[in-house]
Amino acid sequence: MIMSAHTLLCAGSGRSAESGVEAAFPMDCASRDCHAHLQEYSCEELPAVMERARSAGIRRVDCCSEGPWDWDAISGICAGYPEAVPGYGVHPWYAGRAEAEFRGWEQVLREKLSCRPDAFVGEAGLDARRGDVSVQRGVLDRQLRIAADLGRAVNLHCAGAWGKLFDAVSPYAPKLGGVVLHSPSMSAEMAERFLKLGAVFSFGRRLLCPASLKIRELIRKIPEGRVFFESDMPSGPEYGPWTVVCLAERAAELRGCCG
Ligand SMILES: [Zn+2]
């Protein structure tokens, strides 16, 4: 459950000069939504969403795809909004579908990435709670190889398989343009391993939930410059890329708690 008082406090707010965010993290983390799905908004909704994000000071939105079926939509959105950066990838939940219905997706992925030098690979990853992890691993490996070949960043989803994800990513890490870990619910020990790979951590709305002790503990252990925030899937009119500002403020408070 999200803290309603905090949500209210942040609803429609821009960045507060007194927030302390600047002191706790580089300002960039409060102006970048590191993991969004703008294609989930309707054509009618999207202009207002992007306008509100701009008003809140959001200067970059990393727009992740789910599979080859939404890559063209993402290209179109990112062509229309300069702050939106396209991510092309196969989400682990849909690895089987991509393999069955979109044979040759790897070549299309390379072509899509080649059209935009700033495009990244994502959303990719592993999810032990949904789908066949061995199929996911094959699909992830091919995406990592393409990202490494082109020197692109990867935006990664993981649930219940952080060790396996680490094993998959680490051989490619030196050639990747960056590793973004979406919603990083992992142990401090695992976070330490990913930090050594150069990964950054993208925290979402669970940070606002007092019951999410693991996440709130973890963010205190990640060094400045490696913490970012995300809106992820749209879920109600009060959430969107501007939620990042609220998350950055909450993170600064949590870091203040541990001195
Ligand atoms: Zn996502």
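Two residues are in contact if their C-beta atoms, placed from the backbone, lie within 7 Å. The exercises below apply to a predicted model.

**Exercise 1. Overall content**

Task: State how many helices and strands the protein chain has, what share of its residues is buried, and what share of the contacts with a separation of 6 or more joins residues 24 or more positions apart.

Solution.
- Step 1: the protein chain has eleven helices and eight strands.
- Step 2: the chain has 259 residues, and 44% of them count as buried.
- Step 3: among contacts with a separation of 6 or more, 77% are between residues 24 or more positions apart.

**Exercise 2. Helix α7**

Task: Describe the span of α7, list its buried residues, and determine where they lie around the helix axis.

Solution.
- Step 1: α7 covers residues 133-150, which makes 18 residues. From first C-alpha to last it reaches 25 Å, close to the 26 Å expected at 1.5 Å a residue.
- Step 2: the residues of α7 that count as buried are Gln136, Val139, Leu140, Gln143, Leu144, Ile146 and Ala147.
- Step 3: viewed down the axis of α7, these buried residues fall within an arc of 160°, so they line one face of the helix.
- Step 4: exposed residues Ser134 and Asp149 are carried on the face of α7 turned away from the buried side.
- Step 5: the packing partners of the buried residues of α7 are α5 (95-101), α6 (105-115), β4 (120-127), β5 (153-159) and α8 (162-169).
- Step 6: after α7 comes Gly151, with a positive phi near 65°.

**Exercise 3. Two helix pairs**

Task: Classify the packing of α6 with α7 and of α7 with α8 as roughly parallel or roughly antiparallel.

Solution.
- Step 1: two packed helices are described by the angle between their axes and the distance between the axes.
- Step 2: the axes of α6 and α7 come within 11 Å and cross at roughly 30°. Angles under 35 degrees count as roughly parallel, and α6 and α7 are therefore roughly parallel to each other.
- Step 3: α6 passes α7 in a right-handed crossing. On the α6 side, Glu106, Leu109, Arg110 and Leu113 meet Arg142, Ile146 and Leu150 of α7.
- Step 4: for α7 and α8, the axes come within 10 Å and cross at roughly 30°. This pair is therefore roughly parallel.
- Step 5: the crossing of α7 past α8 is right-handed. Val133, Arg137, Leu140, Asp141 and Leu144 of α7 meet Lys164, Ala168 and Val169 of α8.

**Exercise 4. Backbone geometry**

Task: Find the cis peptide bond between Gly122 and Glu123, then locate Ser183 and Asp232 and say whether each is buried or exposed.

Solution.
- Step 1: the peptide bond from Gly122 to Glu123 is cis, with omega near 20°. Glu123 is part of strand β4.
- Step 2: Ser183 has a phi near 45°, which is positive although the residue is not glycine. Ser183 sits in the loop between β6 (178-182) and α9 (188-197).
- Step 3: the cut-off for buried is 20 or more other C-beta atoms within 10 Å. Ser183 has 20 C-beta neighbours inside 10 Å, so Ser183 counts as buried.
- Step 4: Asp232, also not a glycine, has a positive phi near 60°. Its place is the loop between β8 (227-229) and α11 (243-257).
- Step 5: Asp232 has 22 other C-beta atoms within 10 Å, so Asp232 is buried.

**Exercise 5. Ser212, α10 and Val245**

Task: Determine the environment of Ser212, the buried face of α10, and the setting of Val245.

Solution.
- Step 1: Ser212 belongs to the loop between β7 (200-203) and α10 (213-221). With 17 other C-beta atoms within 10 Å, Ser212 is partly exposed.
- Step 2: apart from neighbours within four places in sequence, Ser212 contacts Arg206 and Leu207. Ser212 and Ser185 are 27 residues apart in sequence, and their C-alpha atoms are 9.5 Å apart in space.
- Step 3: in α10 the buried residues are Ile215, Leu218 and Ile219. Down the axis of α10 they fall within an arc of 100°, so they line one face of the helix.
- Step 4: Val245 lies in helix α11. Val245 has 24 C-beta neighbours inside 10 Å and so counts as buried.
- Step 5: Val245 and Phe229 are 16 residues apart in sequence and 8.4 Å apart from C-alpha to C-alpha.

Key. Residues numbered from 1 in each chain as written. Predicted model: local features only at pLDDT ≥ 70, side-chain atom pairs only at ≥ 80, totals over all residues. Helix = DSSP H or I, 4+ residues; strand = E, 2+ residues; numbered from the N terminus. Buried ≥ 20, exposed ≤ 12 C-beta atoms within 10 Å, placed from the backbone. Expected span 1.5 Å × (residues − 1). Arc of directions from axis to C-beta. Axes fitted to C-alpha atoms, helices over the stretch in contact; angles between N-to-C directions. Parallel < 35°, antiparallel > 145°, perpendicular 65-115°, else oblique. Left-handed = near helix turned anticlockwise from the far one by under 90°.
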